[in-house]
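I opened this model to look up how its helices are packed. My notes follow the order in which I checked each point.

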Amino acid sequence: MQLENEEGWEFDRFLWKKNIPPKVSFMLWAIFHESLPTYNMLIRRDVEVQSEVCVMCKMENETADHLLVNCSYAYEVWSYFLNAFKVSLVAPNTVKAFFESWRMNSLSGRCKEIWWKIIYAVMWHLWKERGKGASGGREKTAEELIMLVKQTIMLWLINSDVFRGYDVNQILFNWISLLHM
Ligand SMILES: [Zn+2]
């Protein structure tokens, strides 16, 4: 059995990564330390909230694991990227397990570099989108969110060689063929 502290330490290695903005690392840090202010977390801390139901699917209680991994909305977004990379994950159902299983693949080179940005970019945008939904705004469709994730990854990798020689349209609209070229 692992001690809680050891486990926390182990996940810190996923936090501070090259080309990942600090705001995204801070969000993950909060998740790994069980302090992301989801409805479930707020209720546990005796903060009054209007609802405890996930604003994205409106079906289940909102926890970080639900919102970022198990929610049907998140599932649509993850499925798109898993299919694009031809990777299947063994149904992880917590954020931590998700990070662990993200390592299990045989990708290399450019593909692998993009792959490791996706998990951060998707979680970041799911959380941001949830914030909008919670304040009454319209949520993006899964397709819109996928496009936003691609744009974000492009920005994060703008100073690297990963997309050198490709134009923006190729990256955004011809994503699948670009990965496997
Ligand atoms: Zn949901």
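The entries below cover confidence, three helices and two single residues.

**Entry 1, ground rules.** I noted that residues are numbered from 1 along each chain as its sequence is written. The model is predicted, and local features need pLDDT of at least 70, side-chain atom pairs count only at pLDDT 80 or more, while totals for chains, interfaces and linings use all residues.

**Entry 2, confidence.** I looked up pLDDT, the predictor's confidence in each residue, from 0 to 100. The protein chain has a mean of 88, with 94% of its residues at 70 or more. By element, I found the highest mean, 96, in helix 4 (residues 64-70) and the lowest, 61, in helix 1 (residues 4-12). Helices here are DSSP runs (H or I, at least four residues), numbered from the N terminus.

**Entry 3, helix 5.** Helix 5 has 14 residues and spans 20 Å from first to last C-alpha, close to the 20 Å expected at 1.5 Å a residue; the expected span is 1.5 Å times one less than the number of residues. I then listed its buried residues: Tyr-73, Ala-74, Val-77, Trp-78, Phe-81 and Ala-84. They fall within an arc of 125 degrees seen down the axis, so they line one face of helix 5. The arc is that of the directions from the helix axis to the C-beta atoms. For burial I used C-beta atoms placed from the backbone: 20 or more others within 10 Å of a residue's own make it buried, 12 or fewer exposed, and counts in between partly exposed. On the other side of helix 5, Ser-72, Ser-79 and Asn-83 are exposed. Lys-86, which follows the helix, has a positive phi near 55 degrees.

**Entry 4, Trp-78.** Is Trp-78, a residue of helix 5, buried or exposed? Trp-78 counts as buried because it has 22 C-beta neighbours inside 10 Å.

**Entry 5, partners of helix 5.** The buried residues of helix 5 pack against helix 4, helix 7, helix 8 and helix 10. I took the pair with helix 7 further: the two axes come within 11 Å and cross at roughly 175 degrees. Helix 5 is therefore roughly antiparallel to helix 7, the term for angles over 145 degrees. Axes are lines fitted to C-alpha atoms, for helices over the stretch in contact, and angles run from 0 to 180 degrees between N-to-C directions. Among the residues making the contact are Trp-78 and Phe-81 of helix 5 and Trp-115 and Ile-118 of helix 7. Contact requires C-beta atoms, placed from the backbone, within 7 Å.

**Entry 6, Lys-112.** I also checked Lys-112, which is in helix 7. Lys-112 counts as exposed because it has 12 C-beta neighbours inside 10 Å.

**Entry 7, helix 8.** Which residues of helix 8 are buried? I found Leu-145, Ile-146, Val-149, Lys-150, Ile-153 and Trp-156. They cover an arc of only 145 degrees around the axis, which puts them on the same side of helix 8. Glu-143 and Glu-144 are exposed on the other side. The buried residues of helix 8 pack against helix 5, helix 7, helix 9 (168-173) and helix 10 (175-179).

**Entry 8, helix 2.** Val-24, Met-27, Leu-28, Ile-31 and Phe-32 are the buried residues of helix 2 (residues 22-32). Their arc is 135 degrees seen down the axis, so they line one face of helix 2. The face turned away from that buried side carries the exposed Pro-22, Lys-23 and Phe-26.

Terms used
Helices (H or I, at least four residues) and strands (E, at least two) are DSSP runs, numbered from the N terminus. Two residues are in contact if their C-beta atoms, placed from the backbone, lie within 7 Å. Angles under 35 degrees count as roughly parallel, over 145 as roughly antiparallel, 65 to 115 as roughly perpendicular and the rest as oblique.
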